[in-house]
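Hi,

Here is the structure I said I would pass on. Have a look at it first, and then read my notes below.

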Amino acid sequence: MKIGIIGTGYVGLPTGVGLAELGNQVICIDREPSKIEALKSGKLTIFEDGLEELFIKNVKSGNLKFTTSMKEGVCDADIVIIAVGTPPHPVTKEADMKYIHAAATELAEHLTGYTVIATKSTVPVGTGDDVEALISKKNPQADFDVVSLPEFLREGFAIHDFFNPDRIVVGTNTDKAAKLIKELYRPFDGKTNILFVKRRSSETIKYASNAFLAIKIHYINEMADFCEKAGADIREVAKGMGLDTRIGPRFLNPGPGYGGSCFPKDTMAMSYMARQNGIDMTLINSAIEGNRQRKKRMAQRILNSIKDIPNPKIAILGLAFKNGTDDCRESPAMEIIAELLNCNAEITAYDPKANDTAKKILGDKIKYSSDMYSAIENADVLAILTEWDEFKALDLTLASQKMKHLNIIDCRNLLDAHQAKLAGFNYSCIGQ
């Protein structure tokens, strides 16, 4: 099939690479010339574990191309996938639809023959109707259907998830569109659940899923707080909970709060949509507020460890919102650092992949190190904020020699508490 993908971010680019690997002819479209030029020259514009090898392979084979021209990407396409951002509105926190509407309006005039327009961005319920209306208004002669094709790719695992999906959800109101999407996903027949539902149900599934997972994370973080006071160990509690098949073990790792490009914005958007429909979603609202407060409490935990030290130096390991990606959007680390900066602390940070991304957000407010041992040099406290495997291998003896005061706040429970204490550290983790 010939497929056009509008957007080359953390959804569009892995999706384009994956579909090209399946043998389709994929053209990715982006308005930003510098990004397209970089991709054409073989340079990835994001980091995603496992992406580079398949990207290079499919660019060389000619299955994957890039353009700034909507006409080139859409004309003669069988399927056009919209994968642009839907960031929170700065005031209402609803999903901002300007990029979706702009893409739909622009692509309309370039449609030739029957085309399925698939919305892969996370969009409010009813967006398919809006996209349909915009295209029909711009090009009344267009022969097309609009489907909802929500993505369930975890950042850091997007390539793995593309080829090993838990499920594929397709929201369509016509048999003609369903037939084309079935052909697109034929390689997955018998390997996963492919669920065809109404378009509005599909749009809701994405929000319902992300909100549920955010609530699950918030719940285990609250249980971790309880364990700290009650003398229980959250690791043992989570393991015992996870053995119940009704609960499952995933998303039961306590930490500094959820972040990233999905959970924060999708919970806020779901809350907004609920209010618009006269529904009070108390669980989601509690998770949103609790998650916001949690990051403040993590920052205070760090500051409490150095409250008697004048002009303290704080070392931070981890800037991305999770391991496997360089994405710092809504990263707990970004928000915790912002709180620490309010107290005029000197901060030096290191992340294996996200130093450059974080610098676009924080600028020169902090210092950036090229490795974890230079980051902790003369530090009064070390805070671990992202669960990179590299940090698990921290040499505690060497760290104790490099740091000025031996304080560790392990917000990801990566280190062995007993070994840290043997090395002389005042060690604090989550839920123990």
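**What I found**

Asn344 counts as exposed, with 70% relative accessibility (exposed is over 50% relative accessible area, buried is under 20%, and partly exposed lies in between, using a 1.4 Å probe and protein chains only). Before going on, a word on where this comes from: this is a predicted model, in which local features need pLDDT of at least 70 and side-chain atom pairs count only at pLDDT 80 or more, while totals for chains, interfaces and linings use all residues. Residues are numbered from 1 along each chain as its sequence is written, and side-chain values use heavy atoms, with hydrogens and water left out.

Back to Asn344. You will find Asn344 in the loop between α13 (332-341) and β10 (346-350), and its phi is near 60°, a positive value in a residue other than glycine. Most residues other than glycine have a negative phi. Asn378 also has a phi near 60°. That residue is in the loop between α15 (372-375) and β12 and is partly exposed, at 47% relative accessible area.

Now the chain as a whole. There are 18 helices and 14 strands (DSSP runs, numbered from the N terminus: H or I of at least four residues for helices, E of at least two for strands). The radius of gyration is 23 Å, close to the 22 Å that the globule rule gives for 432 residues, so the chain is as compact as a globular protein of that length (the radius is taken over C-alpha atoms, and the rule is 2.2 Å times the number of residues to the power 0.38). Along the principal axes, the C-alpha atoms fill a box of roughly 70 × 50 × 45 Å.

How much of the chain is buried? Of the 432 residues, 54% count as buried. Contacts (heavy atoms within 4.5 Å) reach far along the sequence: among those between residues at least 6 apart, 73% join residues at least 24 apart. The chain exposes about 19,600 Å², and carbon and sulfur atoms supply 50% of that (Shrake-Rupley method, 1.4 Å probe).

On to the charges. The chain has 53 positive and 56 negative ones, and their mean positions are 1 Å apart (Lys and Arg count as positive, Asp and Glu as negative, with His and the chain ends not counted; each charge is placed at NZ of Lys, CZ of Arg, CG of Asp or CD of Glu). Side chains of opposite charge can pair when their charged atoms come close. The structure holds 26 salt bridges (a side-chain nitrogen of Lys or Arg within 4 Å of a carboxyl oxygen of Asp or Glu).

A good place to start is Arg294, which pairs with Asp225 at 3.2 Å, N to O. This bridge links helix α12 (residues 282-304), where Arg294 sits, to helix α9 (residues 199-230), home of Asp225, with the two positions 69 residues apart in numbering. Arg294 is buried at 2% relative accessible area, while Asp225 is partly exposed at 24%. Asp225 also forms a salt bridge with Arg297, at 3.6 Å, N to O. Arg297 is in helix α12 too, 72 residues from Asp225, and is partly exposed at 41%.

Another pair is Arg412 with Glu387, with the closest N and O atoms 3.4 Å apart. Arg412 is in the loop between β13 (407-410) and α18 (417-422), and Glu387 is in the loop between β12 (381-384) and α16 (389-392), 25 residues apart. Arg412 counts as buried at 16%, whereas Glu387 is partly exposed at 22%. Finally, salt bridges that share partners join Asp129, Glu132, Arg199 and Arg200 into one network.

Cheers
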